[in-house]
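Visitor: I'm new to this one, so could you walk me through it?
Guide: Sure, have a look and ask away.

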Amino acid sequence: MSSPPAYPGIRVSGCWSLGTEGSNAESLDRLLPTVGAGRSPRKRTTSQCKSEPPLLRTSKRTIYTAGRPPWYNEHGTQSKEAFAIGLGGGSASGKTTVARMIIEALDVPWVVLLSMDSFYKVLTRQQQEQAAHNNFNFDHPDAFDFDLIISTLKKLKQGKSVKVPIYDFTTHSRKKDWKTLYGANVIIFEGIMAFADKTLLELLDMKIFVDTDSDIRLVRRLRRDISERGRDIEGVIKQYNKFVKPAFDQYIQPTMRVADIVVPRGSGNTVAIDLIVQHVHSQLEERKLRWDMAALASAHQCHPLPRTLSVLKSTPQVRGMHTIIRDKETSRDEFIFYSKRLMRLLIEHALSFLPFQDCVVQTPQGQDYAGKCYAGKQITGVSILRAGETMEPALRAVCKDVRIGTILIQTNQLTGEPELHYLRLPKDISDDHVILMDCTVSTGAAAMMAVRVLLDHDVPEDKIFLLSLLMAEMGVHSVAYAFPRVRIITTAVDKRVNDLFRIIPGIGNFGDRYFGTDAVPDGSDEEEGGSAG
């Protein structure tokens with residue numbers, strides 16, 4: 001790790017101790033403005049600097065990685081691994097609170113919080129009985145599944161999706177359902193044994209130890225275990241004296257020496273958290289995770305449309321239907337009718353790109369007919385909600401027994417980033433040809449995130465077909481550069497995207513016009529499919 005910034009603090013056992021007691025602590029405290037009664041809490045340093053704006057600051061005109069999720073660069077490959085922060089400390093020291101404060105202060109999208117508590121080993125029946133009587137040591141390294149922790153963290157750093165167990169502290173067991181996490185720019189891994197394994201340490205780019213007084217930790221643990229985990233006070237104290245305190249002295253406190261930064265007072269040490277945030281910002285900047293959308297749009301104008309794009313032939317019929325659905329005076333009934341007609345033509349056109357093989361059948365007259373048969377296993381449609389689901393009826397009308405999945409991706413209006421909110425995919429989708437449906441694609445951010453999700457479910461890139469009624473050139477280029485083997489199929493491509501990333505001349509907000517819902521308050525023609533395009 002590079003030299004620490006020029007902030008007051010002392011070097012302890014090879015790490016920086018921020019806010020330690022004595023004169024150094026007083027010096028640090030002098031950096032904090034006084035917070036009087038009734039006054040607003042102190043805002044973070046990274047947002048107050050007027051002479052030099054914070055790195056990776058979000059705005060409506062900037063989308064990180066050019067609207068792409070962070071797993072890969074403009075060529076479809078991951079250029080840098082995610083930045084992994086390890087957060088260690090005793091039980092109830094405030095690790096989770098510090099992690100959340102770091103996430104809030106970072107103010108960047110794509111941060112994953114991974115808790116070590118999810119990785120307790122599955123207990124045997126005998127161990128279950130011991131745990132029920134507070135006689136099982138959950139604060140020993142052997143209580144954790146380090147193999148699963150390491151494999152999970154490795155995959156997250158590589159930008160792959162992972163399944164994380166959900167642990168039930170009231171029954172001391174894993175729940176049946178596991179949660180899915182997707183790759184991120186920043187991974188925060190927190191736990192009491194975060195620094196207890198050599199292989200795990202090598203995966204962490206930054207190691208932070210939260211040092212909190214033992215009396216405070218005991219009080220917090222009592223409050224937490226009694227109110228949240230259904231324990232009684234006698235059992236909590238018994239477990240603390242028998243297991244928690246000895247384990248802290250033997251296994252946890254010694255790991256403080258491997259930490260890069262020690263944070264006394266936990267979440268109360270806002271100066272330390274600001275320093276951590278500034279360092280992570282600098283690391284993200286070095287990894288070149290910020291791209292400028294205006295520059296990207298300008299670059300796209302210099303390149304011809306990619307070969308993976310196929311545009312429905314602009315016949316007078318197709319152009320006539322576009323005229324109707326683009327007209328702001330068109331009634332909702334007509335908008336739906338002609339949109340459905342275009343969808344049917346689009347899907348029929350897309351099916352021509354599926355693989356077919358020669359086959360011979362016998363006609364009712366007893367004659368052979370040399371024809372073509374679909375050479376794949378199955379066709380699955382995946383709609384990007386909400387506008388994408390309007391294309392499902394057309395797909396069902398031409399593909400018998402087609403399976404349907406759904407993805408909900410919405411844009412965070414503060415960051416401009418697409419966020420995955422819901423996912424439902426058919427089982428064994430990896431062998432299928434997948435038709436990914438969204439009605440409009442502007443920047444391509446939502447479409448690319450959806451493609452990434454499909455790839456995480458082992459769908460081959462060349463088996464993904466992105467279908468959209470209308471696309472902007474920027475979105476076409478973005479998808480094609482990130483995923484050069486995905487087939488892109490649309491009925492029309494518009495040249496421009498305005499400053500708010502709306503397609504120009506565009507079609508308006510497709511979802512609002514189709515479903516008859518009210519437009520967004522500013523009257524903008526925000527695209528559906530997560531509105532990031």
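Visitor: How many disulfides does the structure hold?
Guide: This is a predicted model, where local features need pLDDT of at least 70, side-chain atom pairs count only at pLDDT 80 or more, and totals for chains, interfaces and linings use all residues. Residues are numbered from 1 along each chain as its sequence is written, and side-chain values use heavy atoms, with hydrogens and water left out. A disulfide here is a pair of cysteine sulfur atoms within 2.5 Å. Cys359 and Cys373 form a disulfide with sulfurs 2.1 Å apart, and the count for the structure is one.

Visitor: Which handedness does the disulfide of Cys359 and Cys373 have?
Guide: Go by the twist about the S-S bond of Cys359 and Cys373. That torsion is about 85 degrees, so the disulfide is right-handed.

Visitor: How far apart in sequence are the parts that Cys359 and Cys373 tie together?
Guide: Strands are DSSP runs (E, at least two residues) and helices are too (H or I, at least four), numbered from the N terminus. Cys359 sits in strand β11 and Cys373 in strand β12, so the pair links parts whose separation is 14 residues.

Visitor: Is Cys359 buried or exposed?
Guide: Buried means under 20% relative accessible area, exposed over 50%, and partly exposed in between, using a 1.4 Å probe and protein chains only. Cys359 has 18%, so it counts as buried.

Visitor: What about Cys373, with its relative accessible area of 28%?
Guide: Buried would take a value under 20%, and exposed one over 50%. At 28%, Cys373 is partly exposed.

Visitor: How many bridges join β11 to β12?
Guide: Two strands pair if DSSP finds at least two bridges between them. Strand β11 covers residues 356-362 and strand β12 residues 368-374, and they run antiparallel. One bridge partner of Cys359 is Gly371 in β12, and the bridges between these strands number seven.

Visitor: Which residue in the hairpin of β11 and β12 takes a positive phi?
Guide: Look between the strands, where the hairpin has five residues. The one with a phi near 80 degrees is Gly366.

Visitor: How many of the residues of strand β18 are buried?
Guide: In a regular strand the side chains alternate between the two faces of the sheet. Both faces of β18 (residues 464-468) are covered, with Ile464, Leu466 and Ser468 on one side and Phe465 and Leu467 on the other. The buried count is five of five.
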